[in-house]
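Please work through the following exercises with the structure in view. Each task is followed by a solution in steps.

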Amino acid sequence: MKLGIIGYGNMARAMLNGLLESGALPPSDVIVSSRTMSRMAPLIERWPEVETTSDNVLAARRSDVLLICVRSEQVAAVMNEIRPSLSSAGHLVLINSGVRIADVRADVPVSKAIPSITAEVGRGVTLIHHGDSVDTARRERLEGLLSSVGRTMVVDEDRLDAGTCMTSCGPAFIATFIDHFARSAEGRGYTYDEALGMVTETALATASLMEAGQRPRSICGAVATEGGITEKGLDVMRRELPSMLDEVMDVVLREHCRTGGDVGGKG
Ligand SMILES: NC(=O)c1ccc[n+]([C@@H]2O[C@H](COP(=O)([O-])OP(=O)(O)OC[C@H]3O[C@@H](n4cnc5c(N)ncnc54)[C@H](OP(=O)(O)O)[C@@H]3O)[C@@H](O)[C@H]2O)c1
C-alpha cells in the first residue's frame, strides 16, 4: 500500500511522524508532495526513505491512499491539478472538516479524516466520514491505518464540525487552560516553568483517572469536600466555564460555516 500526502504542513508532519513512529507502514511506502521543498528538509533528514517531490500529479498517480493535507482554500486548486490523474483503484482522503465530499468532484472514493496534532505522539481522536462510494475494504484499510495514531471515530459528515472543535481545536484549548492555570501561580512562590510542570502532570494524572473509568463528577466529589477550598474554586469555574465554552463552540462553528473550517489560521 502506497500512502501519498499532498501538502506538507503542520498537520501532515504530525500525522506522518506518528504513522512512521508507530511502524504502521514503512517509510519507503510513503510519497509526499509539497509546494515548498525546503519545508520538507527535516522530513528528509529524519525519514530519508520517504519519497519527496513537488509534483502533485506524480504523488496522485502513485498513491493507493492519498491524503490531501493543504488548507481548505487550497483544496480546489490541488483537485483541479490532480483530478485527471487519480486512479479509480485509489482512495482520496480530505483532512479539512469544512470541505464537503461533493465539492471536490472526484471520480474516486472519497473519505474525510479529521486528525489532531496529537497524532504525532500516537494519541488523540481522528474523526472519519466515508463517502457513499467507499467500499468496506477501503474503509477498513483507512481506519486501520489511522488507528495507529490514536482513536478513530466514524461519524456522519454533519457531525464533523462540532467534533472538530473538541478533537482538533481541542489541544489548543486544553493547552490554553493549562497555560493560564500556570500563569496564575506565577509570582505566588513558583516560576512559570515550575507551575507549568505541576499543572501538566496533574492534567495527565487526572486524564489517567478518567481513562481508568472515573467520571469528572466523581473526581470532583473525591477532591472537593463540602465547604473546603476546592469547593470555593469550583464555584467560580461552574459560574464562568459553561457560558465561556458555549461561546467557544459557537464561534468555532460559525467560522466553520463562514470560512470552510480550517483548524489553524492563515499564515
Ligand atoms: N493544524 C491542526 O491541528 C489541524 C487539525 C485538523 C485538521 N487540520 C486541517 O489540515 C489542513 C492543513 O492544516 P495545516 O495546519 O497543516 O496547514 P499548513 O501548515 O499551512 O500546511 C499546508 C501545506 O500545504 C502546502 N500546499 C499549499 N498549496 C499546495 C499545493 N498547491 N501543492 C502542494 N502543496 C501545497 C503548503 O505549502 P507551503 O509550505 O508552500 O505553504 C503547506 O506546506 C487545514 O485544512 C486544517 O484545517 C489541521
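The exercises below concern a predicted model and treat its domains, its sheet, a pair of helices and the surroundings of the ligand.

**Exercise 1. Domains**

Task: State into which domains the chain is divided, and how far apart the domain centres lie.

Solution. Step 1: Domain 1 covers residues 3-157, and domain 2 covers residues 170-259. Step 2: The C-alpha centres of domain 1 and domain 2 are 33 Å apart.

**Exercise 2. The sheet**

Task: Describe the order of the strands in the open sheet and identify the edge strands.

Solution. Step 1: The open sheet consists of eight strands, arranged in the order 3-2-1-4-5-6-7-8. Step 2: Strand 3 (51-53) and strand 8 (151-154) each pair on one side only, and they are the edge strands. Step 3: On average, neighbouring strands of this sheet are turned by 20° against each other, with direction ignored. Step 4: In general, strands of a sheet pair through backbone hydrogen bonds, in either a parallel or an antiparallel manner. Step 5: In this sheet the pairing is mixed. Step 6: A parallel pair is formed by strand 4 (residues 65-68) and strand 5 (residues 91-94), which are joined by four bridges. Step 7: Within this pair, Leu 66 has Leu 92 of strand 5 as its bridge partner.

**Exercise 3. Two packed helices**

Task: Determine why helix 7 and helix 8 are classed as oblique to each other.

Solution. Step 1: Helix 7 (residues 170-185) packs with helix 8 (residues 192-211) at an angle of about 135°, and their axes are 8 Å apart. Step 2: Angles over 145 degrees count as roughly antiparallel, and those from 65 to 115 as roughly perpendicular. Step 3: The angle falls in neither class, and helix 7 and helix 8 are therefore oblique to each other. Step 4: The crossing of helix 7 past helix 8 is right-handed.

**Exercise 4. Around the ligand**

Task: Characterise the shell of residues around the ligand.

Solution. Step 1: There are 30 residues around the ligand, of which Gly 7, Gly 9, Met 11, Arg 35 and Thr 36 come nearest. Step 2: The shell comprises 13 nonpolar, 13 polar and four charged residues. Step 3: At least two residues of the shell come from each of helix 1 (10-22) and helix 4 (72-82). Step 4: Helix 4 gives the most, namely four residues.

Note on methods. Residues are numbered from 1 along each chain as its sequence is written. This is a predicted model: local features need pLDDT of at least 70, side-chain atom pairs count only at pLDDT 80 or more; totals for chains, interfaces and linings use all residues. A residue is near a molecule or strand if its C-beta atom, placed from the backbone, lies within 6 Å of it. Ala, Val, Leu, Ile, Met, Phe, Trp, Tyr, Cys and Pro count as nonpolar, Asp, Glu, Lys and Arg as charged, and the others, Gly among them, as polar. Domain bounds come from an automatic or database domain assignment. Two strands pair if DSSP finds at least two bridges between them. Axes are lines fitted to C-alpha atoms, for helices over the stretch in contact, and angles run from 0 to 180 degrees between N-to-C directions. Angles under 35 degrees count as roughly parallel, over 145 as roughly antiparallel, 65 to 115 as roughly perpendicular and the rest as oblique. A crossing is left-handed if the near helix is turned anticlockwise from the far one by less than a right angle, and right-handed if clockwise.
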